[in-house]
Amino acid sequence: MADTTNLNDDSAQGPLGTETYEAEHVHQVYQEIAPHFSATRFKPWPIVEKFLKEMPTGSIGLDVGCGNGKYLTVNPNIYMIGSDRSSNLVQIAYDRKIHDSCVADGLSLPHPDGKLDFAISIAVIHHFSSPERRAEAIKAILATLNKQGRALIYVWALEQKNSRRGWDEGHNQDVWVPWVLSKQYTSKPNGGKGKKGNEQAEQAPKDASAQQGLANDDAETPNTEEAPKEAPKEVVYQRYYHLYRKGELETDIAAAGGVVLESGYEKDNWWAICGPK
Amino acid sequence: MKILTTNYITCAVKACKTSSNAFPLQFRDAELVQEELELNEEFIKNILPRIEWPALVQTAASLGFTTLPSTKPEGDLDEQMIKDLHTLLVETQVISGKLVCGNCQHEYNIHQGIANFLLPNHLV
Ligand SMILES: [Zn+2]
């Protein structure tokens with residue numbers, strides 16, 4: 001059973017399962033960490049790359065939660081509209097000059113129903129803070145697809161005992177995951193805005209998963225240049241994640257009215273290719 | 001925002017999704033830029049069947065592109081038509097201005113090429 005008491009107690013604004021909660025523990029964090037986060041995101045994951053490369057020339061689709069837009073460059077023969085809740089990340093995606101990108105909320109996507117050939121949503125759905133909101137987010141993506149349309153969804157897995165974090169079956173599924181913003185990316189003094197910074201790290205749930213030493217574990221490559229060995233003055237941000245257990249993504253897709261066509265596990269993540277019924 | 005994108009964008013307000021007045025969104029005070037990009041003929045030929053033509057003609061005309069045929073070209077596209085579509089759909093973008101919903105009248109800002117579809121709380 002997921003124990004979310006800690007997360008609720010620590011939230012100054014809204015309870016878990018609301019947009020206010022996600023605004024503080026997801027949206028604002030990505031706004032603040034955007035350039036550093038982007039610098040660790042450049043290698044497309046193999047299953048995502050394959051999914052995009054197999055799309056016929058002239059296919060038109062979405063990248064919902066496109067972040068820095070790294071998937072927008074995979075296949076030059078298709079057209080992708082990337083969107084993200086963080087305008088700072090969209091700015092980085094836009095500067096790549098490929099395809100198109102806009103700022104949008106995953107639950108209020110600005111696309112007509114039933115017209116697109118494909119969609120991807122990579123490492124995004126796990127940031128919604130209730131089962132209802134996660135299913136609603138999947139439903140919003142499926143709604144944009146035409147009858148043959150396909151969506152590829154990736155979420156972080158609970159079962160990752162071989163990762164540095166060591167989460168596994170039976171652990172708390174609702175966690176805060178720290179992002180240590182290196183000094184070179186911090187533009188303002190510690191805790192300069194709101195209750196961010198190190199003070200917030202101290203309030204993080206006492207869950208084994210949310211310890212500072214394990215920060216940025218989801219970054220793809222350790223960037224030696226940035227290793228804050230001397231005089232570290234980094235700022236720690238906590239991001240909310242729901243860690244998916246085996247079979248849960250399929251359940252959420254069914255709850256969203258979709259059909260799972262293929263699914264699997266790849267390097268600490270569950271993924272599924274799904275379509276509208 | 002590129003002109004091709006406008007064919008796949010509508011109002012983010014749920015109640016507007018089913019309204020024919022909401023699509024396409026209408027540009028206001030649009031400032032355009034053009035950027036030379038490599039022509040991908042196969043791509044242009046393949047997206048043509050996926051384009052909602054009347055909406056494209058309407059959007060294009062509102063931005064001053066009045067040479068599109070009123071019905072979608074069929075059969076083999078001639079060289080010039082492919083080039084024109086490439087220029088309009090992927091080389092042209094609105095760098096600043098507004099997109100307005102014809103149903104609820106909500107205005108979405110485009111700033112430095114990026115449209116913002118986040119809704120104020122009362123419209124979510
Ligand atoms: Zn509207």
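Modeller: Four donors count as tetrahedral if all angles lie between 85 and 135 degrees. Keep that handy, as we are looking at a predicted model.

Biologist: Happy to! Which geometry does the site of the zinc ion have?

Modeller: Let's start with the ligands: Cys11(B), Cys16(B), Cys101(B) and Cys104(B) each offer their SG atom, at 2.3 to 2.4 Å. The angles among the 4 donor atoms run from 107 to 114 degrees. Since four donors with all angles between 85 and 135 degrees pass the test, the site of the zinc ion is tetrahedral.

Biologist: Nice. How many residues apart in sequence are the parts that Cys11(B) and Cys104(B) tie together?

Modeller: Along the chain, the donors follow the spacing C-x4-C-x84-C-x2-C. Cys11(B) sits in the loop between helix H1 (3-6) and strand S1 (26-34) of chain B, while Cys104(B) sits in the loop between strand S2 (92-100) and strand S3 (107-111), so the parts this pair ties together are 93 residues apart.

Biologist: And over in chain A, is Arg133(A) buried or exposed?

Modeller: Arg133(A) belongs to helix H5 (residues 131-144) of chain A. Beyond its neighbours within four places in sequence, its contacts include Glu19(A), Glu22(A) and Phe128(A). The cut-off for buried is under 20% relative accessible area; at 13% relative accessibility, Arg133(A) is therefore buried.

Biologist: One more: how many charged residues are in the contact of H2(A) with H4(A)?

Modeller: The axes of these two helices come within 7 Å and cross at roughly 35 degrees. Among the residues making the contact are Tyr30(A) and Phe37(A) of H2(A), and Leu89(A) and Ile92(A) of H4(A). By class, the contact has 6 nonpolar residues, 4 polar ones and, for charged residues, none.

How values were computed
Residues are numbered from 1 along each chain as its sequence is written. Chains are lettered from A and ligands numbered from 1 in the order in which they are written. This is a predicted model: local features need pLDDT of at least 70, side-chain atom pairs count only at pLDDT 80 or more; totals for chains, interfaces and linings use all residues. Side-chain values use heavy atoms; hydrogens and water are left out. Donors are N, O and S atoms within 2.8 Å of the metal (3.2 Å for Na, K and Ca); water is not among the atoms, so sites may look incomplete. Four donors count as tetrahedral if all angles lie between 85 and 135 degrees; four count as square planar and six as octahedral if opposite donors are over 155 degrees apart and all others between 65 and 115; anything else is irregular. Helices (H or I, at least four residues) and strands (E, at least two) are DSSP runs, numbered from the N terminus. Buried means under 20% relative accessible area, exposed over 50%, partly exposed in between (1.4 Å probe, protein chains only). Contact means heavy atoms within 4.5 Å. Axes are lines fitted to C-alpha atoms, for helices over the stretch in contact, and angles run from 0 to 180 degrees between N-to-C directions. Ala, Val, Leu, Ile, Met, Phe, Trp, Tyr, Cys and Pro count as nonpolar, Asp, Glu, Lys and Arg as charged, and the others, Gly among them, as polar.
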